[in-house]
Amino acid sequence: MVEKRLGEQTIAFKNPPSIISTAAIAGPKEGEGPLRDYYDIVLDDDLFGEETWEKAESKMQKEAVRLALEKLQIDEKDIDYIFAGDLLNQLMASSLAARDYRIPFFGLYGACSTLTESMSLGAMAVDGGFADYVIASTSSHFCSAERQFRFPLEHGNQRPPTSQWTVTGAGAAVISSKGKGPYITHVTTGRVVDFGIKDANNMGAAMAPAAADTILRHFKDTGRTNKDYDLIITGDLGKVGMELTLDIVKKQGFDMSANYSDCGVKVFDLTQQDVHAGGSGCGCSAIVFCGYLYKQLLEGNLNRILLISTGALLSPTSTMQGESIPGIAHAVAIERGV
Amino acid sequence: MKTLRMEGDCMEHTNEERLKKEFQDMVKRSAPSSNFLKDCLAAFVVGGLICVIGQFVMNFFINMGIPKEEVGYYVATIMVFLGAFLTGIGVYDNIGKFAGAGSIVPITGFSNSIVAPAMEFKREGFVFGVGAKMFVIAGPVLVYGISSSVIVGIIYYIMNLFK
């Protein structure tokens with residue numbers, strides 16, 4: 001018996017779970033960006049005292065989880081599950097981080113959509129009565145992503161203006177059945193959408209149709225519109241993808257230009273920081289949500305937001321085999337009070 | 001493959017091709033393009049500068065009395081060293097970001113394309129890291145460069161037979 005579903009792809013929680021704590025760790029470049037005051041830790045050195053970029057990324061994720069728990073004064077053995085992911089092969093950063101805490105672990109890969117994917121599943125586990133406390137955490141690192149998906153760092157090449165800059169950062173959010181909000185009220189799980197974009201340097205365009213599809217589906221399933229939200233914010237579409245999404249959604253009759261933004265555009269100063277179209281990566285929506293947006297919700301500057309992390313589900317192999325880039329976007333509606 | 005049709009208030013699962021095309025046109029129109037003139041100029045100036053430096057090195061060796069047929073080896077050695085050195089101290093990637101093909105095409109760029117992965121993959125060890133990944137960018141250039149020179153050599157040999 002399905003009783004919490006709305007429409008085709010949405011869940012409306014009966015007892016909306018609370019996000020009771022978050023932590024965000026940002027790299028040095030992100031620490032120079034406009035949201036610098038909202039991060040718990042800004043690294044001076046992007047190796048974070050480790051020997052490799054991958055281990056540094058893993059440590060960031062581990063520290064983010066530790067900080068989020070420290071704020072609550074609860075022990076890790078009270079946590080029922082952790083849902084975590086990153087961009088590295090075989091989820092290296094998440095798995096190595098999870099090795100050090102004794103929490104049952106679900107590793108997730110949704111490319112850069114992993115934050116809302118993990119929050120969705122975490123909230124379902126809580127509302128379903130399977131858990132009291134769960135953690136959703138994700139990370140990405142510019143240097144580890146570059147070497148896996150593109151060129152060695154010291155190689156002298158040029159990036160086109162549509163390319164994006166992978167955010168070095170990690171975020172963790174503790175979701176619980178106990179707490180006074182902000183609440184996760186709805187989850188709209190996206191479908192894989194591919195409009196035939198093959199340019200790995202234009203991932204914003206590859207993900208835009210998926211983002212638009214999930215937003216429109218959320219509106220249709222819930223009966224809400226853009227006017228019901230203080231902010232609708234996508235994960236890492238960058239400037240190019242953001243404009244495309246706005247355009248597609250507008251064609252369907254919803255003009256979101258007043259309250260729509262993108263974490264990839266918020267996280268960097270696009271004119272000063274040489275990041276071309278904006279930020280990307282799992283860490284992008286993670287540090288913007290766990291750092292900036294969560295605090296805005298707590299302080300009441302925002303009352304209801306729709307967060308849509310977006311992922312480009314490409315692999316270096318699929319690109320080399322001539323495949324186009326499948327996009328995915330998962331939406332989570334978060335509200336200050338219910 | 002699942003694709004969408006935007007109709008009414010939501011997207012439906014049919015009629016893919018038209019929509020895909022529409023979107024791809026939209027992307028082409030909206031994507032900011034590189035500044036062609038500026039990029040060409042930067043490539044021209046920096047590429048030219050590298051060649052001028054090469055010429056200075058060549059003149060220096062010729063003045064030292066190195067025979068003309070051999071001086072090329074000396075110049076190549078020095079330029080490869082310069083490329084590797086600038087990569088090692090983290091400068092060449094910045095030159096490349098500015099100059100594009102201007103610093104990729106000369107032999108210093110070739111050197112950069114080997115040293116950069118060698119540095120990057122040192123952490124995976126000297127055998128399967130440095131050794132295996134060193135030619136990850138330059139490998140194709142070597143394979144097709146050497147293959148085509150062999151083919152040209154064979155053609156040249158055959159043409160000489162009929163002289």
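The exercises below concern chains A and B of a predicted model.

**Exercise 1. Describe the overall form of chain B from its elements, radius of gyration and burial.**

Solution.
- Step 1, elements. Chain B has eight helices and two strands. Read from the N terminus, the order is β-β-α-α-α-α-α-α-α-α.
- Step 2, extent. The radius of gyration of chain B is 24 Å, whereas a compact globule of 163 residues would have one near 15 Å. Along the principal axes, the C-alpha atoms occupy a box of roughly 80 × 50 × 40 Å.
- Step 3, burial. In chain B, 22% of the 163 residues count as buried.
- Step 4, contacts. Taking the contacts in chain B between residues at least 6 apart in sequence, 50% connect residues at least 24 apart.

**Exercise 2. Determine how helix 2 of chain B and helix 4 of chain B are oriented to each other, and which residues meet.**

Solution.
- Step 1, quantities needed. A pair of packed helices is described by the angle between the axes and the distance between them.
- Step 2, values. Helix 2 covers residues 36-63 of chain B and helix 4 covers residues 92-99; their axes are 8 Å apart, at an angle of about 135 degrees.
- Step 3, class. Angles over 145 degrees count as roughly antiparallel, and 65 to 115 as roughly perpendicular. The two helices of chain B are therefore oblique to each other.
- Step 4, residues. Helix 2 of chain B contributes B:Ala42, B:Ala43, B:Val46 and B:Gly47, which meet B:Ile95, B:Phe98 and B:Ala99 of helix 4.
- Step 5, character. Sorted by class, this contact between helix 2 and helix 4 of chain B holds six nonpolar residues, one polar residue and no charged residues.

**Exercise 3. Establish which strands pair with strand 9 of chain A, and whether the faces of strand 9 are covered or uncovered.**

Solution.
- Step 1, one partner. Strand 3 of chain A, residues 18-26, runs antiparallel to strand 9 of chain A and is joined to it by eight bridges. Within strand 9 of chain A, A:Ala170 stands opposite A:Ile25.
- Step 2, another partner. Strand 7 of chain A, residues 133-140, also pairs with strand 9 of chain A in the antiparallel sense, over eight bridges. Here A:Ser137 has A:Ala172 of strand 9 as its bridge partner.
- Step 3, burial. Strand 9 of chain A spans residues 169-176, and eight of its eight residues are buried.
- Step 4, faces. Side chains in a regular strand alternate between the two faces of the sheet. One side of strand 9 of chain A carries A:Gly169, A:Gly171, A:Ala173 and A:Ile175, and the other carries A:Ala170, A:Ala172, A:Val174 and A:Ser176. All of these are buried, and both faces of strand 9 of chain A are covered.

Definitions and conventions: Residues numbered from 1 in each chain as written. Chains lettered and ligands numbered in written order. Predicted model: local features only at pLDDT ≥ 70, side-chain atom pairs only at ≥ 80, totals over all residues. Helix = DSSP H or I, 4+ residues; strand = E, 2+ residues; numbered from the N terminus. Rg over C-alpha atoms; globule rule 2.2 N^0.38 Å. Buried ≥ 20, exposed ≤ 12 C-beta atoms within 10 Å, placed from the backbone. Contact = placed C-beta atoms within 7 Å. Pairing = 2+ DSSP bridges. Axes fitted to C-alpha atoms, helices over the stretch in contact; angles between N-to-C directions. Parallel < 35°, antiparallel > 145°, perpendicular 65-115°, else oblique. Nonpolar A, V, L, I, M, F, W, Y, C, P; charged D, E, K, R; others polar.
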